[in-house]
Amino acid sequence: METKSKATKPLVYRIGMILIIASFIVWVMPLGIPFLPISGKMKAISITSALVMAEVLFWVGALMVGKEAARKIRTAINPKNWKNRRNEGRQEDGE
C-alpha cells in the first residue's frame with residue numbers, strides 16, 4: 001500500500017505545479033485581449049473570465065502542491081520582494 005501512496009504524491013504534485021504555471025500564463029492573456037477585433041462587451045467578459053480562471057487554477061494547484069510550496073511561489077513572484085532579494089544578493093557579494 002505504501003508504494004501506491006508514494007507513486008501518487010509526485011503525480012499530484014506535478015499536476016499542481018502545471019496548474020500553477022498555467023495560471024501565470026492565463027494571467028498574461030488579458031494584456032492582449034484589448035487588441036482583438038471583438039466588441040467591448042466581449043473584451044470585458046474575456047478579461048474578467050481570464051483573471052478568475054487564473055486565480056482558480058493557482059489555488060487548485062496550490063492545494064495540490066501543499067501550503068509551503070504555494071507560499072514560496074507567491075513570495076517569489078511578488079514584486080515587493082524583488083528589491084529585498086536583490087539587496088540580499090548584493091550584501092552576500094560584498095557590495
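This section describes the helices, confidence, annotated segments, aromatic contacts and surface of one protein chain.

The model is predicted, and the mean pLDDT of the protein chain is 82, with 79% of its residues reaching 70 or more. The chain holds 4 helices and 0 strands, so that, read from the N terminus on, its elements follow the order α-α-α-α. Confidence varies among these elements: helix α2 has the highest mean pLDDT, at 93, whereas the lowest, at 67, belongs to helix α4, which spans residues 79-93. Of the 95 residues in the protein chain, 18% are buried.

Two segments, residues 12-33 and residues 45-65, are listed by UniProt under "transmembrane region" in an unreviewed entry. In the model, the segment 12-33 is 77% helix and 0% strand, and the C-alpha atoms at its ends are 32 Å apart. The segment 45-65, for its part, is 100% helix and 0% strand, with a separation of 30 Å between its end C-alpha atoms.

Contacts between aromatic rings were examined next. A pair of aromatic rings is described by the distance of the centres and the angle of the planes. The count comes to 2 aromatic pairs in this model. In one of them, the ring centres of phenylalanine 24 and phenylalanine 58 are 6.2 Å apart and the planes meet at 55°, so the pair is classed as tilted. This pair links distant parts of the chain, since phenylalanine 24 belongs to helix α1 (residues 2-28) and phenylalanine 58 to helix α2, with their positions 34 residues apart in the numbering. The two partners differ in accessibility: phenylalanine 24 is partly exposed, with a relative accessible area of 28%, whereas phenylalanine 58 is buried, with a relative accessible area of 2%. Phenylalanine 58 also pairs with tryptophan 59, the ring centres being 5.1 Å apart and the planes at 85°, and this pair is therefore edge-to-face. Tryptophan 59 has a relative accessibility of 46% and so counts as partly exposed. Through these ring pairs, Phe24, Phe58 and Trp59 are linked into a cluster.

A further relation along the chain involves arginine 14, a residue of helix α1. The C-alpha atom of arginine 14 is separated by 8.6 Å from that of methionine 64, although the two residues are 50 residues apart along the chain. Arginine 14 counts as exposed because its relative accessibility is 57%, a value over the 50% cut-off for that class.

On the surface, Leu36, Ile38, Met42 and Ile45 make a nonpolar patch of about 340 Å². One of these residues, isoleucine 45, is found in helix α2, which covers residues 40-65. With a relative accessibility of 46%, isoleucine 45 counts as partly exposed, because this class lies between the cut-offs of 20% and 50%.

Conventions. Residues numbered from 1 in each chain as written. Predicted model: local features only at pLDDT ≥ 70, side-chain atom pairs only at ≥ 80, totals over all residues. Heavy atoms only, no water. Patch = residues over 30% accessible without salt bridge, like charges linked within 9 Å, V, L, I, M, F, W, Y side chains within 5 Å. Areas by Shrake-Rupley, 256 points an atom, 1.4 Å probe, with all protein chains shown as cover. Salt bridge = Lys/Arg side-chain N within 4 Å of Asp/Glu carboxyl O. Helix = DSSP H or I, 4+ residues; strand = E, 2+ residues; numbered from the N terminus. Buried < 20%, exposed > 50% of the residue type's maximum accessible area, 1.4 Å probe, protein only. UniProt positions renumbered as here; feature names shortened; annotations may be inferred. pLDDT = per-residue confidence, 0-100. Phe/Tyr/Trp six-rings, centres within 6.5 Å; stacked < 30°, edge-to-face > 60°.
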